[in-house]
Amino acid sequence: MSCENTFDVVIIGAGAAGMMCALTAGQRGRKVLLLEGSARVGRKILVSGGGRCNFTNLRVGPENYLSGNPHFCKSALMRFSPHDFIQLVERHGIRYHEKTLGQLFCDDKSSQIVHLLLAECTASGVTIRTGCPILGIDKKQVFLVQTESATCTADSLVIATGGLSFPKLGATGFGYAIAGQFGLAVLPREPALVPLTFTSADRQRYQGLSGVSTLANVSIGDTMFMGKILFTHKGLSGPAILQISSYWTPGATLTIDLLPHLHLEDEIIRWQSLRPRAGLRTLISEHLPKRLVCCFLDPHAQARPVNQIDEQGRKAVAGLFHHWQIEPAGTEGYLKAEVTRGGVDTNELSSKTFESRKVPGLYFIGEVLDVTGWLGGFNFQWAWASGHCAGLYV
Ligand SMILES: Cc1cc2nc3c(=O)[nH]c(=O)nc-3n(C[C@H](O)[C@H](O)[C@H](O)COP(=O)(O)OP(=O)(O)OC[C@H]3O[C@@H](n4cnc5c(N)ncnc54)[C@H](O)[C@@H]3O)c2cc1C
């Protein structure tokens, strides 16, 4: 084996987690090869956050992650915090701002984050090969990684190939296949942070609402998110829907409060003395887009003067807007999902080093694992934290 193909560490996948792991291991003096199947590194970073990369969240905690093993993420999130990443961002002179709810975005472009990671990798001597599909992996004394041009060897092999979402950005099921090859369990995977679709009956019913957006409380059981929802021609999207989608399973019903800041029954009573002849549509349209109101109320109810609505009527109208129940038909799938829920079972790994308990030297980091963050910078923070922590041990 030639010296140029002999490494201490081979990392497969030059996304957020893989690059963070590579630069951390490189800083320790390890000889690192980072292999990427696509022609470019960090493609999801480039498109993230609407081109401004929501690179972390100031309020990260284990409660912001879904996992079959909810304790697993705690250690890494503590050892590499949002402030550690912010320090790196500041050291590279990248300007950023808090948009809402602790979400940090670049002021300028996502590509600044990719440049930061590349600069750190270069400074710590990491070799990067892009456009490099992996043909096979074997383990003898060391790992053998076969590419089209060479077979590379390493003591440590890190799988950082991410999830299944956005296949057009290079996503593959490679990490799960490697886990299977080495006998690690992989939990079922589903699209998450994904728009939900209507049944055909609901699609007909709500077709006139495409493009309408409003603030709402969206819940399934005890899990609730407040944020914008957006009616699309296929179903529902917007931040609150994307958040709840990670908790949605087929057959589950969403409860949506379309007027989270209003007590509609009290408001009707207030108008009964203030503007008794006003119609119900006029009242509710002060708080919601008119198209939405007209879709939820039949024409007779829309025109009904508020002083003609008795207690039972008030309760019925309030129920329509505060407790809208909808059973989605499905999701828009991996083509539109920001992340993949499920993945490599973390019970098989050390939460300190990310090394497999069964296969010494084999590591898994980032989204390929069964750790799924909420919308709002939590998934990148997981990629940075898991990549950093594994980078200290590979
Ligand atoms: C449109 C979009 C917007 C997003 N916005 C945000 C955001 O603003 N904030 C946030 O926190 N999260 C965001 N996310 C989620 C975030 O991008 C991911 O959670 C994160 O990138 C996961 O990092 P990772 O390194 O584990 O995987 P990835 O970043 O997906 O990297 C995996 C890498 O492995 C490569 N690869 C895959 N298979 C192979 C193979 N067989 N051989 C070689 N290489 C391979 C891929 O090409 C890719 O470069 C967004 C996701 C999408 C799709």
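This is a short chat about the ligand shell, one pocket and an aromatic pair in a predicted model.

User: Which residues are closest to the ligand, and how many surround it?
Analyst: In this predicted model, the ligand is surrounded by 31 residues, and the closest are Ala17, Glu36, Thr172, Glu367 and Phe380.

User: How do the residues of that shell divide by character?
Analyst: The shell around the ligand divides into 13 nonpolar, 14 polar and 4 charged residues.

User: And which element gives the largest share of the shell?
Analyst: That is α14, with 4 residues, while α1, α2 (43-47) and α14 (378-391) are the helices that each supply at least two residues of the shell.

User: What about polar atoms, say how far is Glu36 from an oxygen atom of the ligand?
Analyst: An N or O atom in the side chain of Glu36 lies 2.5 Å from an oxygen atom of the ligand, and for the side chain of Ser38 the corresponding distance from an N or O atom to a ligand oxygen is 3.3 Å. On the nitrogen side, a polar backbone atom of Asn54 is 2.9 Å from a nitrogen atom of the ligand.

User: How much of the ligand's accessible area does the protein cover?
Analyst: On its own the ligand has 1000 Å² of accessible area, of which the protein covers 93%.

User: Switching topic, how much space lies in the second largest pocket?
Analyst: The second largest pocket holds about 180 Å³ of space, and the elements that give two or more residues to its lining are α1 (16-27) and α4 (82-91).

User: Which residues line that pocket?
Analyst: The lining of the second largest pocket consists of Met20, Leu23, Thr24, Gln27, Arg28, Phe80, Asp84, Gln87, Leu88, Arg91, His388 and Leu392, and these residues divide into 5 nonpolar, 4 polar and 3 charged.

User: Last thing, how many aromatic pairs are there?
Analyst: The count comes to 20 aromatic pairs, and one of them is formed by Phe225 and Tyr247.

User: Why is the pair of Phe225 and Tyr247 described as tilted?
Analyst: The ring centres of Phe225 and Tyr247 are 5.9 Å apart and the planes meet at 45°, so the pair is classed as tilted, given that planes under 30 degrees apart would count as stacked and those over 60 as edge-to-face.

User: Where in the chain do the two residues sit?
Analyst: Phe225 belongs to strand β14 (residues 223-231), whereas Tyr247 is in the loop between α8 (239-245) and β16 (254-257), so that the pair links distant parts of the chain, 22 residues apart.

Technical notes: Residues are numbered from 1 along each chain as its sequence is written. This is a predicted model: local features need pLDDT of at least 70, side-chain atom pairs count only at pLDDT 80 or more; totals for chains, interfaces and linings use all residues. Side-chain values use heavy atoms; hydrogens and water are left out. On a 1 Å grid over the protein atoms alone, a cavity is a set of points where a 1.4 Å probe fits but cannot get out, and a pocket is an open set with protein on both sides within 12 Å along at least five of seven lines; lining residues have an atom within 4 Å of a point. Grid points are joined across faces, edges and corners, and a volume is the space filled by probe spheres set on the points. Ala, Val, Leu, Ile, Met, Phe, Trp, Tyr, Cys and Pro count as nonpolar, Asp, Glu, Lys and Arg as charged, and the others, Gly among them, as polar. A residue is near a molecule or strand if one of its heavy atoms lies within 4 Å of it. A polar contact is a pair of N or O atoms within 3.5 Å; within protein, one must be able to donate a hydrogen and the other to accept it, and residues adjacent in sequence count only if both atoms are side-chain atoms. Accessible areas come from the Shrake-Rupley method with a 1.4 Å probe; for residues, only the protein chains shown count as cover. Rings of Phe, Tyr and Trp (its six-membered ring) pair if their centres lie within 6.5 Å; planes under 30 degrees apart count as stacked, over 60 as edge-to-face and the rest as tilted.
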